[in-house]
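Colleague: I would like to learn how to read this model. Could you take me through it feature by feature?

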Amino acid sequence: MIATAKRLEGVGEYYFSKKLREIDALNKQGKNIISLGIGSPDLPPHEDVIKVLQQESAKSNVHAYQSYKGSPVLRNAFAAWYKKWYDVDLNADTEILPLIGSKEGIMHICMTYLNEGDKVLVPNPGYPTYRSAVTLAGGVCVDYNLAEKNNFYPDFDALEKTDLSAVKLMWVNYPEMPTGKKALQEIFLQIIDFGKKHDILICHDDPYSFILNDKPQSILQIDGALDIAIELNSLSKSHSMAGWRVGVLCANEQRVNEVLRFKSNMDSGMFLPVQLAAAKALSLDDSWYNSINKIYKERREHVYTLLNTLNCTYSTEQNGLFVWAKIPLAYKNAYDFSDEILYNSNVFITPGGIFGSNGDEYIRVSLCATSEKIQEAILRINNNLNKG
Ligand SMILES: Cc1ncc(COP(=O)(O)O)c(C=O)c1O
């Protein structure tokens with residue numbers, strides 16, 4: 001018998017990969033499930049971005065392997081984007097590493113810095129990939145709580161009381177997924193100070209800063225942040241290009257080279273036309289961001305109605321592609337709540353527990369469905385309630 005490697009122990013199949021299979025099976029039975037689960041933008045990228053991809057891919061000389069460090073055109077575009085929107089200066093040659101999506105960057109960072117048994121602070125609730133990447137790399141996850149009573153920000157007093165001696169790295173993500181909590185400069189400052197004080201590498205993941213947020217923020221805006229922090233960013237949500245797989249890692253030169261040592265053994269660069277089209281996307285002005293946010297805002301109003309129908313409570317101050325909401329008191333955990341909605345109303349909503357135990361009493365509703373679909377979901381839920 002060929003056994004799987006030990007490193008897979010403790011890493012199950014990704015929740016969505018399993019759940020989407022179940023939803024597929026329900027659809028095959030004719031259920032026509034409305035999914036408000038996953039955060040995969042259904043809107044197309046800007047038409048000029050598509051044009052660049054079409055024009056560039058028709059050329060004969062763009063099909064070879066590309067540089068491991070990405071095209072200078074894309075690196076320059078990322079540097080200009082960081083300057084324009086975050087007012088952060090980055091050297092395009094040395095401090096920017098294009099990625100095939102930020103998800104792979106999470107794995108690269110863990111593989112580059114973690115030894116067996118190194119501890120890593122991960123947010124609870126938080127993006128599940130932090131946890132699995134740490135585990136796959138041999139690290140040990142130590143949860144830090146993001147609790148409603150603490151506004152879903154880290155409780156530094158509590159953290160300071162724990163043994164941090166073996167902690168090497170900390171994952172942070174504001175605007176936070178799934179709680180929708182905003183990025184705040186004072187929180188970024190505290191995080192950077194904490195990292196410097198305890199010699200913990202701060203890894204900030206920033207894919208949602210342009211979604212339903214008037215002021216995109218980066219942890220690299222904090223003075224001296226590059227000494228202790230790496231930031232990941234992505235075009236998946238900000239430019240509706242999730243399937244294109246374009247992200248970026250921003251760090252000081254030494255760290256970019258360290259991560260590149262690992263990454264250059266994993267892939268052989270990105271298709272050049274995709275890089276050039278991504279550079280075009282990064283050059284778009286605020287009319288692009290306004291246009292997608294107008295649509296998400298309208299959808300969010302319908303999601304509020306849906307949540308009211310379900311008797312859930314929520315903050316209207318959230319950033320990002322989701323609304324995070326507390327389930328009614330009558331339910332102990334959101335897995336049951338979500339399954340009840342799925343089986344009774346043919347609507348899928350993500351249970352908060354998949355993001356960590358602190359999410360057990362919450363659900364996360366995606367804005368990646370049309371207003372018509374969300375309204376249809378409300379109708380189905382109402383019909384089911386009226387039946388009962
Ligand atoms: C918090 C967070 N980080 C990273 C990612 C991955 O994004 P990408 O498409 O750039 O790999 C996601 C995707 O849903 C996310 O929610």
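Modeller: Gladly. Keep in mind that the model is predicted. Start with the division of the chain: domain 1 covers 6–44 + 287–387, and domain 2 covers 62–285.

Colleague: How many Å separate the centres of domain 1 and domain 2?

Modeller: Over C-alpha atoms, the centres of domain 1 and domain 2 are 26 Å apart.

Colleague: How should I read the interface? How many residues of domain 1 are in contact with domain 2?

Modeller: Begin with contacts, then turn to area. Here 36 residues of domain 1 touch 37 residues of domain 2. The two domains bury about 3,000 Å² between them. Carbon and sulfur atoms give 57% of that area.

Colleague: Which three residues supply more of the area that domain 1 buries than any other three?

Modeller: Tyr-289, Asn-319 and Phe-355. They supply 25% of what domain 1 buries against domain 2.

Colleague: Next, polar pairing. How many salt bridges are there between domain 1 and domain 2?

Modeller: The count is one. As for a salt bridge in the model, Lys-326 pairs with Glu-148, with 3.7 Å between the closest N and O atoms. The cut-off for this pairing is 4 Å, so the pair qualifies. Polar contacts are a separate count: 16 residue pairs across the interface.

Colleague: Which elements each supply at least two residues of the domain 1 side?

Modeller: Helix H11 (286–309), strand E10 (322–326) and strand E12 (362–366). H11 gives the largest share, eight residues. Sort that side of domain 1 by class and you get 17 nonpolar, 12 polar and seven charged residues.

Colleague: On to the ligand. Which residues around it come nearest?

Modeller: There are 14 residues around the ligand. Ser-102, Asp-205, Tyr-208, Ser-234 and Ser-236 come nearest. Then read individual atom pairs. An N or O atom in the Ser-102 side chain is 2.7 Å from a ligand oxygen. With Lys-103 the partner is a polar backbone atom, 2.8 Å from an oxygen of the ligand. Asp-205 uses its side chain: an N or O atom there is 2.5 Å from a ligand nitrogen.

Colleague: What about backbone geometry? Why flag a cis bond or a positive phi?

Modeller: Because most peptide bonds are trans, and most residues other than glycine have a negative phi. This model has exceptions. Asn-124 and Pro-125 are joined by a cis peptide bond, with omega about 5°. Pro-125 sits in the loop between strand E3 (119–124) and helix H5 (128–136).

Colleague: What kind of peptide bond joins Met-177 and Pro-178?

Modeller: A cis bond, with omega about 15°. Pro-178 lies in the loop between strand E5 (167–172) and helix H7 (185–198).

Colleague: And what is the phi of Asn-32?

Modeller: Positive, about 55°, although Asn-32 is not a glycine. Look for Asn-32 in the loop between helix H1 (15–28) and strand E1 (34–36).

Conventions: Residues numbered from 1 in each chain as written. Predicted model: local features only at pLDDT ≥ 70, side-chain atom pairs only at ≥ 80, totals over all residues. Heavy atoms only, no water. Domains from an automatic or database assignment. Contact = heavy atoms within 4.5 Å. Buried area = accessible area lost by both parts, 1.4 Å probe. Salt bridge = Lys/Arg side-chain N within 4 Å of Asp/Glu carboxyl O. Polar contact = N/O pair within 3.5 Å; in protein donor to acceptor, adjacent residues only side chain to side chain. Helix = DSSP H or I, 4+ residues; strand = E, 2+ residues; numbered from the N terminus. Nonpolar A, V, L, I, M, F, W, Y, C, P; charged D, E, K, R; others polar. Near = heavy atom within 4 Å.
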